[in-house]
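Reader: I should like a close look at a single part of this structure, set in the context of the whole chain. Please proceed step by step.

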Amino acid sequence: MLQITTFGRLELRRDGASPLLPGGGKTAALLAYVLASGRSHRRDELAQLFWPAADSDAARLNLRQLLFGLRRQLATLEAQELLAVSATHVAFRSELPFDLDLRQLEHQACRQAAHVYPSEADLAALELAAALYRAPFLVELSFDGCPDFDDWLHQQRAACQRHALELLARIAQARAERGELAAAQRAAERAAELEPCEEAVQLRLMQLLLQQGRCEAALAQYERACGALLHDVGAPPGEALRTLAEQAQRRLGQRLLQGEPAAEVAVERRFLTVLAARLPELDAQLDAEQAFAQVRRSTAALQSIVAAYGGHWAQAYGGSFTVYFGYPQAQERVTLQAVRAAVALRLREPALAQGLHRGAVLKGGAWGVPDPLGLTTRAALKLEQAAGAGDIVASAEVRALVE
């Protein structure tokens, strides 16, 4: 049987033979487009899709040459009949025996919604389909000059990832309902790898870790989620994630108080000083590119000041940013340094609104963000929100150390 894979790079293989990699660029793109759509296409439509800047005669000639070369390649696998090519249309012959990973994923994604209580056989089929999604759809395929094809490709990639996440969520739920928490955790971990900024995905994984009593692992996962959200979205975690992390911290604290050893990672409490700041509102007359350029210029100058005072610039989003003093390495007199940095920042940007707070954070293991629970950061953000233009609002904890 002919096996066709589209997750990662496009490959065709028959009965375990060496794979055929159909050319690069438009050869692979055209074959994948016809395979994935599952319908007949007019040749004029395909010519326009892949050669939009060419005149119609040149585009049709290019298509004819590409189809000729593609069918010669398919003949090496005795698969030249895979495409039905006529004078007017090109179609994928879906009635032929073949195994297409994309179709399996789509089929199982549709079926999973119908199974409220999937059988073991149903679950095995879901897991097999989810395992096929090793990489994004045609992840290596990229070329310029075909905007409509690019739009389709991005939509197809997003749809495939959505299907994979749906399958993994269903697998994790069903395995957890059966009490198979380790198997449920594996599915949830794979989902978190695919979509680290999806809070529902991170929440499901943390819940499964807590169900197994793995408080340290749940907190480590929370910190990884914080890092992904701050890096890719520029936003802190939502309330549900913070609440679950606080629950994990309480459980871990109770265990340590009762003398139980931490099973997975050593944890410690450390004090940081957090500076949260907000740039003045941008001129409403600026277009998006002008506004972006202005914010980038302002934050670049402020970042150099932060670095000079030993601060760790962790976030810049929508004209706001957060700085941590005492991270990643503990330092002496970090609160005083933070106050001095705030004054220097105001000298550079007189309308900057700033909040300063000092508090304890939980650290440990291979976690990678300054304040995984976000409690100290949230306190600084509240002070920043209360500050007016040019104000520096410091908490009582900060004032007690510098006054």
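Which residues in the largest nonpolar core touch the most other members? Please then turn to helix H3 and explain which of its residues are buried and which are exposed.

Author: The model is predicted. In the largest nonpolar core, which has 82 residues, those that touch the most other members are Leu10, Leu12, Phe50, Phe137 and Phe149. The element that gives the most to this core is helix H6 (residues 147–177), with 11 residues. There is also a second, separate core of 20 residues, and Val334, Ala344, Leu356 and Val398 are among them. In soluble globular proteins, nonpolar side chains tend to be buried together.

Helix H3 comprises the 20 residues 56–75. At 1.5 Å a residue, H3 should span 28 Å, and the 29 Å between its end C-alpha atoms agrees with that expectation. At the start of H3, the backbone nitrogen of Asp57 has a side-chain oxygen of Asp55 within 3.1 Å.

The buried residues of H3 are Ala59, Leu63, Leu66, Leu67, Leu70 and Leu74. These residues lie on the same side of H3, because they cover an arc of only 105 degrees around the axis. The spacing follows a general rule: an α-helix has 3.6 residues a turn, so residues three or four places apart point the same way. On the other side of H3, the exposed residues are Asp57, Phe68 and Arg72. The cover over the buried residues of H3 includes three strands, E2 (11–14), E4 (83–85) and E5 (89–92), together with helices H1 (26–37) and H2 (43–50).

Elsewhere in the chain, Thr376 offers a further buried site. Thr376 is found in helix H13 (residues 375–386), and its relative accessible area of 4% means that Thr376 is buried, the limit being under 20%. The side chain of Thr376 reaches the backbone oxygen of Ala360 at 3.1 Å. Beyond its neighbours within four places in sequence, Thr376 is in contact with Leu272, Val274, His357, Arg358, Gly359, Ala360, Val361 and Asp371.

As for the whole chain, there are 14 helices and 11 strands. The radius of gyration is 28 Å, well over the 22 Å that the globule rule gives for 403 residues, so the chain is more spread out than a compact globule. Its C-alpha trace spans about 85 × 55 × 35 Å along the principal axes. Of the 403 residues in the chain, 46% are buried. Among contacts between residues at least 6 apart in sequence, 67% join residues at least 24 apart.

Notes: Residues are numbered from 1 along each chain as its sequence is written. This is a predicted model: local features need pLDDT of at least 70, side-chain atom pairs count only at pLDDT 80 or more; totals for chains, interfaces and linings use all residues. Side-chain values use heavy atoms; hydrogens and water are left out. Helices (H or I, at least four residues) and strands (E, at least two) are DSSP runs, numbered from the N terminus. The expected span of a helix is 1.5 Å times one less than its number of residues. Buried means under 20% relative accessible area, exposed over 50%, partly exposed in between (1.4 Å probe, protein chains only). The arc is that of the directions from the helix axis to the C-beta atoms. Contact means heavy atoms within 4.5 Å. A polar contact is a pair of N or O atoms within 3.5 Å; within protein, one must be able to donate a hydrogen and the other to accept it, and residues adjacent in sequence count only if both atoms are side-chain atoms. A nonpolar core is a set of buried Ala, Val, Leu, Ile, Met, Phe, Trp, Tyr and Cys residues joined through side-chain atoms within 4.5 Å. The radius of gyration is taken over C-alpha atoms; the globule rule is 2.2 Å times the number of residues to the power 0.38.
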